[in-house]
Amino acid sequence: MGFFAFLILGLIAGAIAKAILPGRQGGGIFMTLLLGVVGAILGGFIGSALFNVGINEFFSLSTWLLAIGGALIVLLVYGMITKRTAR
């Protein structure tokens, strides 16, 4: 998958993860892109380690599920870190 396709995948996965999680998460479009790309990398790593499936094709269901799952994990961790510093 190309670099720009990976960025688009990360942006969409980050937006979907923000829509799935309840509450208000901070950050704008850049933070969504960053968290989505990091989540897609994390999802690809977890998928290849546990299920022997990686992020290879843009239009693959496993690619999207791994990217969204990874973005959810990264968004949860980001939410815990930012809530801890907001006190």
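**Entry 1. Fold**

I read the elements along the sequence and recorded the pattern α-α-α for the protein. The model is a predicted one. My tally of the secondary structure was three helices and zero strands.

I next looked up the burial of the chain as a whole. Of the 87 residues in the protein, 32% are buried. I noted an accessible surface of about 5600 Å², with 73% of it belonging to carbon and sulfur atoms. For the contacts between residues at least 6 apart in sequence, I recorded that 64% join residues at least 24 apart.

**Entry 2. Helix α1 against helix α2**

I then turned to the pair formed by helix α1 (residues 3-20) and helix α2 (residues 29-50). Two packed helices are described by the angle between their axes and the distance between the axes, so I looked up both. The two axes come within 7 Å and cross at roughly 105°. Because angles of 65 to 115 degrees count as roughly perpendicular, I entered α1 as roughly perpendicular to α2.

I listed the residues that make this contact. From α1 they are F6, L7, G10, L11, G14, A15 and K18. From α2 they are I29, T32, L33, G36, V37, A40 and I41. Sorted by class, the contact has nine nonpolar, four polar and one charged residues.

**Entry 3. Helix α2 by itself**

I checked the length of α2 against expectation. At 1.5 Å a residue, its 22 residues should span 32 Å, and its end C-alpha atoms are 31 Å apart, so the two values agree.

I also noted which positions of α2 are buried: T32, L35, G36, V37, G39, A40, G43, G44 and G47. Just after the helix I found N52, which follows α2 and has a positive phi, near 60°.

**Entry 4. L33**

Is L33, a residue of helix α2, buried, exposed or partly exposed? I recorded a relative accessible area of 24% for L33, which means that it is partly exposed. Leaving aside neighbours within four places in sequence, L33 is in contact with L7, G10 and L11. These three residues are also among those that α1 contributes to its contact with α2. I further noted that L33 and G14 are 19 residues apart in sequence, with their C-alpha atoms 6.2 Å apart in space.

**Entry 5. A71**

I moved on to helix α3 (residues 61-85), where A71 is found. Its relative accessible area is 2%, and A71 is therefore buried. Which residues does A71 contact, leaving aside its neighbours within four places in sequence? I listed A13, G14, A17, L35, G36 and G39. Of these contacts, G14 and G36 also appear in the contact of α1 with α2. L35, G36 and G39 are among the buried residues of α2. I also looked up the distance from A71 to L42: the residues are 29 apart along the chain, and their C-alpha atoms are separated by 7.8 Å.

**Entry 6. E57**

My last query concerned the loop between α2 and α3, in which E57 lies. I recorded E57 as exposed because its relative accessible area is 54%, where the cut-off for exposed is over 50%. The C-alpha atoms of E57 and F6 are separated by 9.7 Å, although the residues are 51 apart along the chain. F6 itself is one of the α1 residues that contact α2.

Key
Residues are numbered from 1 along each chain as its sequence is written. This is a predicted model: local features need pLDDT of at least 70, side-chain atom pairs count only at pLDDT 80 or more; totals for chains, interfaces and linings use all residues. Side-chain values use heavy atoms; hydrogens and water are left out. Helices (H or I, at least four residues) and strands (E, at least two) are DSSP runs, numbered from the N terminus. Buried means under 20% relative accessible area, exposed over 50%, partly exposed in between (1.4 Å probe, protein chains only). Contact means heavy atoms within 4.5 Å. Accessible areas come from the Shrake-Rupley method with a 1.4 Å probe; for residues, only the protein chains shown count as cover. Axes are lines fitted to C-alpha atoms, for helices over the stretch in contact, and angles run from 0 to 180 degrees between N-to-C directions. Angles under 35 degrees count as roughly parallel, over 145 as roughly antiparallel, 65 to 115 as roughly perpendicular and the rest as oblique. Ala, Val, Leu, Ile, Met, Phe, Trp, Tyr, Cys and Pro count as nonpolar, Asp, Glu, Lys and Arg as charged, and the others, Gly among them, as polar. The expected span of a helix is 1.5 Å times one less than its number of residues.
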